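Reader: Hello! I am new to this structure and would love a close look at one part of it. Could you walk me through the cysteines, and then show me what surrounds them?

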Amino acid sequence: MGRQWFSTCCILLLLALVSCNSSFATAAATGSKPLHLKYKDPKQPVGARIKDLVKRMTLEEKIGQMVQIDLTVASSDVMKNYYLGSVLSGGGSVPSPKASAAAWVNTVNGLQKGALSTRLGIPMIYGIDAVHGHNNVYNATIFPHNVGLGVTRDPQLIKKIGAATAKEVRATGIPYAFAPCIAVCRDPRWGRCYESYSEDHTIVQKMTEIIPGLQGDLPANSRKGVPFVDNGGTKVAACAKHYMGDGGTTKGINENNTVISMNGLMSIHMPAYLNSISKGVATIMVSYSSWNGKKMHANRELVTGFLKDKLKFRGFVISDWQGIDRITSPPHANYSSSITAGVGAGIDMIMVAYNYTELINDMIYQVKNRIIPVSRIDDAVKRILRVKFVMGLFEKPLADLSMVNELGKQEHRDLAREAVRKSLVLLKNGKSADKPLLPLPKRAAKILVAGSHADNLGNQCGGWTITWQGQTGNDLTSGTTILKAVKSAVAPSTQVVYSEQPDASFVKSSKFSYAIVVVGEPPYAETQGDSLNLTIPAAGLSTINNVCGSIKCVVVLISGRPLVIEPYLAKIDALVAAWLPGTEGQGVTDVLFGDYGFTGKLARNWFRSVSQLPMNVGDAHYDPLFPFGFGLTTEPIKS
């Protein structure tokens, strides 16, 4: 009897264990929560959930949370086998060309199911560069780049743009955007200057209002430095970048050295981070650049000492794309020591992109050999889990299709159109003040539209659009070119003639009432955009000379920064800085034809020649062609 009783007890115990493990695995795969696990219980305080989960994790599980890989090397099995904490889409990294919102959702969910099927069922967080709208995704609304938005000086508009962007990102099943860029670009030779709102940190500080747009409004009485993301399903975790001094490098060379005193660093490049942290920003990305020769990715004094310890930032710090590799020159030259330096500096999540097994194996070796302390790993994991808990990822790890219609929604396109209108700066209006050319009459016998950027959506949007570098042409996404917008704006009786590069004889002989010339820079991103001459491409200059030397013309300049324009200014009747306006070209014609007035004021000075650079307000040699804050205004024409 005793032996039979003992056998029965063993069988019952075995069945209970099998049932427990089975229900746990099911819960992990579905995202449901067995409440006997404290970390799975949303009623528990976040701190208690973090503590409970971390104590259950193996070293391999902890290190996996710190790793972010690119979509191109990700799979459900990779997520499961390496316990990975995050996946990203780098520029142009998509499920398929012109993928739908539903295709994105299915791709993200497939990877998430791999993460949820692990022993502890920790959800991964998927991130993407959504820096002027959801710019990697076909049919998304593409807003003006930051260089134009800074001109508006309108924090509430920027907050609305953040909210619209968050909805479009969520429409594709993604909960994390690598935005905003809060660089203070001090030299337009920098290839990322269009990602900066202004040369003036006070404008950049105002524009951090995009963070509550992306994440939601911080609740009253929130603790300083603690991340906040509204978990209602329409908001995303934001990322203030690139910490710090990225906009101050010598000659504007990307990823280079910012030579400045501590006081200068703190007074120019730090202030917007204070605003971002006070608004509950979830993550901060470290800059490729150096400060006085010290790589920011290895700068423990500023990442841990200042950002984490002094400012009490409690979100997670993420590297830039292969940022650990780039601690050395050439990159990856001494990867093991770079890992030691980067993790030791205080980087919590490593955007390794591709070679994740090398990173994981090296980190495990370093922890086991006490090169990297376990306490540093635990700090990183706690920060990553804090963001995941706060944003509700454990409760709703899988996306659905309920928001797919938010992508490219007309309401968002209307908002982008408004942003375009407010971002334009009128630099010249008529060859004499008493004879303005703008606003243009909608009724005219025949008008000319010319230039490389007039009928080119890719040029209009710039870099970071569908692909990393952007691309020229009209096949990249949906939107309205400036030419199309002109045709829609003018009276039906007005004949619109388009010629990309007309010769002077054609222009003179065709009896045009006036011309709209749209020229500028080709798309570029990062280092590929660094320029020491900042000139309009030759084809654009030729078009200006041929057209504006023959008839009245307005030049609309599409560029990510001020360009050399003074030698050609006398020929031009009216000049508009349109920056990189995005997909809604009607915003340009709304103002050209007087439905709305010009209101934009330069958020950075417009130099005369590159020999003056760097040149900013307050410099002894400050002598711009158009000063910071300049912008002519017009009144709308009343119908």
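Author: Happy to help: what follows starts with the cysteines and moves on to the charged pairs and one threonine. Please keep in mind that this is a predicted model.

Let us begin with the setting. UniProt, in an unreviewed entry, lists residues 58–387 as "domain: Glycoside hydrolase family 3 N-terminal". Over residues 58–387 the chain is 40% helix and 11% strand, and the C-alpha atoms at the two ends of that span are 20 Å apart. The unreviewed entry in UniProt also gives residues 424–633 as "domain: Glycoside hydrolase family 3 C-terminal". Residues 424–633 are 18% helix and 16% strand, with end C-alpha atoms that lie 10 Å apart.

Now to the cysteines. A disulfide is a covalent bond between the sulfur atoms of two cysteines. How many disulfides does a search of the whole structure find? It finds two.

One of them links Cys185 and Cys193, whose sulfur atoms are 2.1 Å apart. The torsion about the S-S bond of Cys185 and Cys193 is about -105 degrees, so this disulfide is left-handed. Are its two ends buried or exposed? Cys185 counts as buried because its relative accessibility is 0%, and Cys193 counts as buried at 1%.

The other link joins Cys548 and Cys553, with sulfur atoms 2.0 Å apart. Here the value about the S-S bond is 105 degrees, and the link of Cys548 and Cys553 is right-handed. Both Cys548 and Cys553 are buried. If you number the bonded cysteines of the protein in sequence order, the pairing reads 1-2, 3-4.

Two further cysteines deserve a look. Cys181 is in no disulfide; the nearest cysteine sulfur belongs to Cys185 and is 9.3 Å away. A disulfide needs sulfur atoms within 2.5 Å, so the 9.3 Å between Cys181 and Cys185 does not qualify. Cys181 has 3% relative accessibility and therefore counts as buried. Cys239 is in no disulfide either, and its nearest cysteine sulfur, that of Cys181, is 9.9 Å away. With 0% relative accessibility, Cys239 counts as buried.

From the cysteines we can turn to charged partners. Side chains of opposite charge can pair when their charged atoms come close. A search of the whole structure finds 32 salt bridges, and a few of them are worth following on your screen.

Look at Arg189 and Asp187, which form a salt bridge with their closest N and O atoms 2.7 Å apart. Arg189 is buried, with a relative accessible area of 9%, and Asp187 counts as buried at 2% relative accessibility.

Next, find helix H15, which spans residues 374–390. Arg376 and Asp379 are three residues apart in this helix, so about one helical turn separates them. Their side chains meet in a salt bridge, 2.7 Å from N to O. Arg376 is buried, with a relative accessible area of 9%, whereas Asp379 is partly exposed, with 26%.

A further pair is Glu521 and Arg561, whose side chains meet in a salt bridge of 3.0 Å, N to O. Glu521 lies in the loop between strand E15 (514–520) and helix H20 (538–548), and Arg561 in the loop between strand E16 (553–558) and strand E17 (574–579), so the pair ties together parts that are 40 residues apart in sequence. Glu521 counts as buried at 7% relative accessibility, and Arg561 is buried with a relative accessible area of 2%. Returning to Arg376 and Asp379, salt bridges that share partners join them with Lys308, Asp348 and Arg383 into one network.

Our last stop brings us back to a bonded cysteine. Thr543 is found in helix H20, and at 2% relative accessibility Thr543 counts as buried. A polar atom of the Thr543 side chain lies 2.9 Å from the backbone oxygen of Ala539. Which residues does Thr543 touch, leaving aside those up to four places away in sequence? Thr543 touches Ala450, Gly451, Glu500, Gln501, Pro502, Val517, Val519 and Cys548. Of these, Cys548 is one you have already met, as the partner of Cys553 in the right-handed link.

Note on methods. Residues are numbered from 1 along each chain as its sequence is written. This is a predicted model: local features need pLDDT of at least 70, side-chain atom pairs count only at pLDDT 80 or more; totals for chains, interfaces and linings use all residues. Side-chain values use heavy atoms; hydrogens and water are left out. UniProt positions are given in the numbering used here, feature names are shortened, and annotations may be inferred rather than shown by experiment. Helices (H or I, at least four residues) and strands (E, at least two) are DSSP runs, numbered from the N terminus. Buried means under 20% relative accessible area, exposed over 50%, partly exposed in between (1.4 Å probe, protein chains only). A salt bridge is a side-chain nitrogen of Lys or Arg within 4 Å of a carboxyl oxygen of Asp or Glu. A polar contact is a pair of N or O atoms within 3.5 Å; within protein, one must be able to donate a hydrogen and the other to accept it, and residues adjacent in sequence count only if both atoms are side-chain atoms. Contact means heavy atoms within 4.5 Å.
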